[in-house]
Structure formats: C-alpha cells, structure tokens
Amino acid sequence: MSILGWVQIVLVLALVLLAAVPLGRFIARVLGGERTFLSPMLGPVERVTFRLAGIDPTRSMGWRGYTVALLMLSAVHFLLLYAVLRAQYYLPFNPQGFTGMSPRLAFNTAVSFVTNTNWQAYAGETTLSNGAQMFGLTVHNFLSAAAGIAAAAAVSRAFRRVRGDGLGNFWADLVRITLYVLLPLAIVVTILLIALGVPQTMLGSIDVTTLEGAKQTLAIGPVAFQEAIKLLGTNGGGFFNVNSAHPFENPGVLSDIIENWSLLVIPFAMPVMFGCIAGRRRDGAALLTTMMALLLVFTGCIYAAETAGNPLLHALGVSDVMGNMEGKEVRFGQALNALFAASTTATSTGAVIAMHDSLMPLGGLVTLLLMQLGEVVPGGVGSGLYSMLVFALLAVFVAGLMVGRTPEYLGKKVQAREIKLAMLAVLILPLLILGGTAISLCTASGLGSLANAGPHGLSEMLYAWTSATANNGSAFGGLSADTPLLDYGLGIAMLFGRFAFLVPVLAIAGSLAAKPTVPPSAGTFPTDGPLFVGLLAGVILILGGLQFLPALSLGPLAEHFAMLAGKTF
Amino acid sequence: MQEHLRPALVVVALSTALLGIAAPLAFVGGAQALAPHAAGGSLLTLNGKIVGSSLIGQNFTGAGYFHGRPSATTAPDPKDSSKTVPAPYNAASSSGSNLAPTSAALVSRVKADAAGNSDIPADAVTTSASGLDPDISPENAARQVARVADARHLARPAVQALVDRWTTPPLLGIFGAARVDVLRLNMAMDAASR
C-alpha cells in the first residue's frame, strides 16, 4: 500500500460523491414529475410514450399493483430476449455469422439480464452478434436498471408523511428514469469513452498482420454505448469475455476512472433521492455515510491483500514491488484495481478489470463477502437502497429489543409483519448461496466445472452461487458455467435473488405506507446520527458475517493459510 | 393483470427501437464522422498496411523485439474443436488464466519462466487479465534492453532512450501505473534499425 494509492482511491470516491448528491436530488424531482432542464427536449418523447402505452402518470398504485407491473415488464422482456438469443442467426447485424444460443444458455442469459445480474456463462466476442448485443442486451441494461430504481422510489414513498398516496405509478417511473436519468448519462459517458478509444463500429472483426508477420483477428463491435449503460445501470455484462479488463472496453487509466465513477454514482445517489422523497434528508445522509464507510474499509482490505504479493511466487524470485499481477493489467495499478474490485461487488455490477479468480485468497474473500452482505454498500441501482432499508428496519428492531420499545423508523412503527417480511427477504441469500453450493459440490457435474483444486475450488463454486443470488454477475472465471446444472441452477438463483427479495420488500413498503406517522418523542431512537450509522454497520456485518463465515473459512481463509504454509493444489 | 400488458409491450418495443437500434447506430454514424480512428479500434498502419491496434498487445517472440506479458488466451484445437490449445494474444477470444494463487499450475509455469533469476518484475512472469495487455512495466522493459540492443547491434543507451520515449507515466502523476507501450516501442525499434 502507498499514500499515492490511497490518494487515487479517495479522489475517485470524492468525484462520485460530488456528483451523487445533486444527481440524487435530480432523480427525486424527475420521479415527482417535476419540470427539469431536460424537459423541453425530452418532455414530448415522454408524453408520446405515455399516450402510446396508455400510461396515466397521475394514477398511483398500491404495492400489489406496483409489483404486478414490475413482474409483467420482466416477463415480457425475458421472453423477447430469450427469442433474440435463440434466433440471432436470422436477425440483422450479425457480421460474425454466429448461430443461436442453446436453450439452456439462452434461458440463463435472459434471466441474468432481466434480473440485472448479467452473469456471463458465454464469452461475448465468440457467441453473440452485434445485433444481439444491441437490441438484446443493451436494452435490458436500461430497463432492468430503471426497474430497480423504480422499486427503490416506491419503497421511499412509503415513508412520506402523507398517507394514502400509494407507491407511485411503476410505468411512469420506469419511463422517466430511462429518459431523464439513464439515457442522458449514457450519452455523455459513451462520448467520453469513444474519445478515449472504446470502439463503436458495426464491424464484427478486423484482421491484421502483426509486426512479426503473424495473423491477428481483433474482435470489435458497437462497444462504447453498451459499456456506458453496463456500468451506469450496475449491470456488468461485458461486450467481451474478460469484461472491462479488455483494452477495447477500458483502454486506459482515464477510461477506468470514468467507468468506476459510472458504476458508483447512481447507487450513491439513491440514499440522497430517498432523503428527498421521504422528506428526511439527514436520514438519507446517514445511510450514505454507512455505505461509504464500509466501502472504504473493504477497498482497503483488497488493496492490502493484493499489494502484499504472492509468497509462493516470491520464493521463485518474483519481486513483490508490483504486488499480485496474475490476472491483472499493467495500466491500472493495484489501487484502482482494488477500488474496482470492491466497487463492482459492493454494487450489483459484476464488471471486472482484474480476474477475481486470481485475486489473493483474502482479496477474493472480500469480494465474496461484499456480495454476501446483500450488496448494500452502496448496492445496485435501486436494489442497494431497498436492501439497505431492510437492514435499517432490522437495525431499529435490534435497538428496540434492547430497550423494550416498539421500534420506529422515520416515524413509521416497525412491527411483526415488517420484520417477518424483512427476514423472509434476507434469508433468501443463505438459502440459495449455501444450499446451491452444497448441492453442486455433491454432484459429478459440479465438481467437473471447477478449474482450481483445493479450497479454491470451493471458493469458485461459492462465488458462482453468491454472484447469481446477489444478482452481481462477476465470477471466479475459471469455473465452466455452461453446464445444465449451473445454467438452470444459477438461473433459478438469479430469479429468486431478485424477485423473492423484491416482492417482500414492496410488501413492507405497502404495509408502512398505510401506517400513520408518529411524531418523534424523547424515546425515539435517532436514525440520523453516528450511533445509528454504527448500529446499522454492525447489523450488516454481523448478519452477513455469521451466516457465511463457516463457508468463507473453508474456502478463502483455508487457502490463505495453506499458501502461507507453502502448499499448492 | 391485463391493464399492465399494454404498457409492458409498448415500453419494451419503444425501448428496443430507441435504445437498442437507433441510439447505437447514431453513435456508430457520429463516431465514424468525428472520431473514426478511436471508434474504429485505434488501428496502426505501416506503409499503408494495418499492423495492429495500439490498444491490443501482440505475441512478440524474436530476440530483437521487446516481449509483452505471458498471455493465457486460447484457440480451438484444429484437430478436435471441443478442445482448446494455447494461442497467446488471440484477440478474437480474450481470456485470463483464472489460476488461483495456490495453483500448482501457476507455480510451475512461473518457475519455468523465472529460470532461477531473482528480483523479476511481477508483470514479466504473470498473465494479464485480458490476455491482450498492450503494456509492460518500465522495469520489465529495462531488463530486455540488453537483449534487444545486442540482437539489433544498437547501443544500449539508445534503446533505453526509445523505451523512455514510449513510457507513459501515471495520469497526472497520480492515477494508474507507469507503462511501456510494447507494440509502438517495437515499431520504433524497427524504424531505428532501418
């Protein structure tokens, strides 16, 4: 670790915060249907869309209506993407002449993009046509992100002081977020990325003759636009197999800073938006502080683990000055690598600039843990906020138990129904992650998928189920994921991880929205101060830590100590 | 249920048209007009022929060239398409090694490449994330100066000066790592030898 490395990490995060605060306020205004500086340009598009789709933005929905609408969008879009992936051979923009995906891989991929996971059981440049990337995946990157933000907005509205307003109109939210937030940001980021060398062309590949006279085929395509929304929407499905480590996705240091900023800015804008919508800005700031503090700590852990270098290679004469360089590119340096690895697993992005399979055991442990904590520091666009609010309810519940008082959060009484639903949502994670890993490792097919032996093999399988359930999408990439067991198994984990979490959370929102706001009294636990930040961080860490510590001990921790003892597998 | 079907269908259809077709194509057209080099893959030409992309590494093996990092990319085995064979810097199929830090395969590979030397820059014996890393560290380049200079019968300081010419410092002196652009350095070597 070096001071200069920390300066890089802190400066990038400062740039994120600087933009996230005004962006959060802007998103709150957009979702409230207020006029913004973009209205003169985009207002007509919005109104035409509303008219064609029969959307009445003033008609607020209850939690059931909101949920059904969200599920309907996901179902329709899933079917369309499945069809596109199967039929890409017959669709336009296929210079590579790729044939359709197999049914099971198309199922896995379609689920993965509908759930904002973007798990890649396929290698982009050898499987997908430019057309399938464009009107298949890119569109999903927008809509699944917008759906997540809409759900977060609905949950935020439950805390408003006025009762009986419902949770908002899902369709209006979806259209407004896409038009006023995601599209303008994506346009700006795309332009910057193209200027820095990210390709945007309809060619499929370019043949060159190298200096030494060999033939090299450069896979290429309309990368830049997809790259922009892939990060802004915390999607993470790369155009290429190695994702943002590919020089065409991330050519240099400046592009990397822009991409890292992009994947954090909306998640950090979410608590600000929450504060505005709920009319409790200080409570939003407390959530943001918790997110940022934990992200900094975990980034530091990865940074320390990776700069220490691999003692097994050091023994062979390799210098430790650059740290662990297996699976890393030269241009980024360890500090930005650590920040990206932490950011991508702390949000639901899953894009990578280094191969997580080759991270040091403790570096890999942190990426696993960040996903297992439920992706709340800051979490995916929208999903991070509503997951964080579940933890906030659990935190005030724990505090309430200590003093024997009915807990409240932002003036809403938190009672048995809310806590039951919150636990129902939270318990999805250990059930699918630990259960899925255990079952897979008992089958010959699961064991055959592993690329590495020893404790790291366990980590590989654990990572896959964690990534799928937490809707992250990054991988310990050595794992052969395109098998019937993992295509269908992880597909189901992604579906439950998204919707079996989201539906109870919207039910909580419905229940809270119906309750009156109680005025604060002397006995009210303040949820906007450092004490609450500490309590919330504690609940997140203890809940996540206790559930997954045994599995992490058998995987990365065991590997770490084996490595120190000089053992290889 | 049915009241939601129409908005779902219309929103998906409009998004596909606008975000999936119109916007990407507009960017392709705009980029072609305003930044054809950057949007077209940053291709480098020599005597009118494309010799590569300035962003994508190549597999250099000759003694007179600076060598890039080991690459873990593969290609389908011509004899059996269900298997793969090593194909360093295969830019049609990016891939890392995905070897664990405790992998015996990693340790034996590095042992062979290290060949008993000491203080080896880590990037010289480790594979990159993409398998296409265009850069090496300045320390790695410095260790190759003697070999390249001898093979080309050039003075070592002159070769080191070219290395320095193609070394990019960290952005603003702060962000990222110093790096040497291998392809353009080797093009400069060819030009210097001519």
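1. In this predicted model, A:T234 sits in the loop that joins α8 (223-232) to α9 (253-278) of chain A. Is A:T234 buried or exposed? With a relative accessible area of 0%, A:T234 is buried. Once its neighbours within four places in sequence are set aside, its contacts are A:N116, A:L263, A:P267, A:T347, A:S348, A:T349, A:G380 and A:V381.

2. A second residue of chain A to look at is A:G124, which belongs to helix α5 (residues 124-127). A:G124 has a relative accessible area of 0% and counts as buried, because buried is taken to mean under 20%. Apart from neighbours within four places in sequence, A:G124 is in contact with A:Q133, A:F239, A:F240 and A:N241. For orientation, A:P22 is 102 residues away from A:G124 in sequence, and their C-alpha atoms are 35 Å apart in space.

3. At the surface of chain A, the residues A:I3, A:L4, A:V7 and A:L11 make a nonpolar patch of about 350 Å². One of these, A:I3, is found in helix α1 (residues 3-31) of chain A, and its relative accessibility is 71%, so A:I3 counts as exposed, the threshold being over 50%. As a reminder, an α-helix has 3.6 residues a turn, so residues three or four places apart point the same way.

4. Helix α10 of chain A runs over residues 281-307 and has 27 residues. From its first C-alpha to its last, α10(A) reaches 39 Å, which is close to the 39 Å expected at 1.5 Å a residue. After α10(A) comes A:G309, a residue whose phi is positive, near 80°.

5. In chain B, helix α6 (residues 182-193) has 12 residues, and its end C-alpha atoms lie 16 Å apart; this agrees with the expected span, because at 1.5 Å a residue the helix should cover 16 Å. At the start of α6(B), a side-chain oxygen of B:D181 comes to within 3.4 Å of the backbone nitrogen of B:L183.

6. Which residues of α6(B) are buried? They are B:V182, B:L183, B:L185, B:N186, B:M187, B:A188, B:M189 and B:D190, and B:L183 is thus also the residue whose backbone nitrogen is approached by B:D181. The cover over the buried residues of α6(B) includes the strands β1 (43-46), β2 (49-53), β5 (135-136) and β7 (179-181) of chain B, together with the helices α4 (138-152) and α5 (156-165) of that chain.

Note on methods
Residues are numbered from 1 along each chain as its sequence is written. Chains are lettered from A and ligands numbered from 1 in the order in which they are written. This is a predicted model: local features need pLDDT of at least 70, side-chain atom pairs count only at pLDDT 80 or more; totals for chains, interfaces and linings use all residues. Side-chain values use heavy atoms; hydrogens and water are left out. Helices (H or I, at least four residues) and strands (E, at least two) are DSSP runs, numbered from the N terminus. The expected span of a helix is 1.5 Å times one less than its number of residues. Patches are made of residues with over 30% relative accessible area and no salt bridge: like charges are joined within 9 Å, nonpolar side chains (Val, Leu, Ile, Met, Phe, Trp, Tyr) within 5 Å. Accessible areas come from the Shrake-Rupley method with a 1.4 Å probe; for residues, only the protein chains shown count as cover. A salt bridge is a side-chain nitrogen of Lys or Arg within 4 Å of a carboxyl oxygen of Asp or Glu. Buried means under 20% relative accessible area, exposed over 50%, partly exposed in between (1.4 Å probe, protein chains only). Contact means heavy atoms within 4.5 Å. A polar contact is a pair of N or O atoms within 3.5 Å; within protein, one must be able to donate a hydrogen and the other to accept it, and residues adjacent in sequence count only if both atoms are side-chain atoms.
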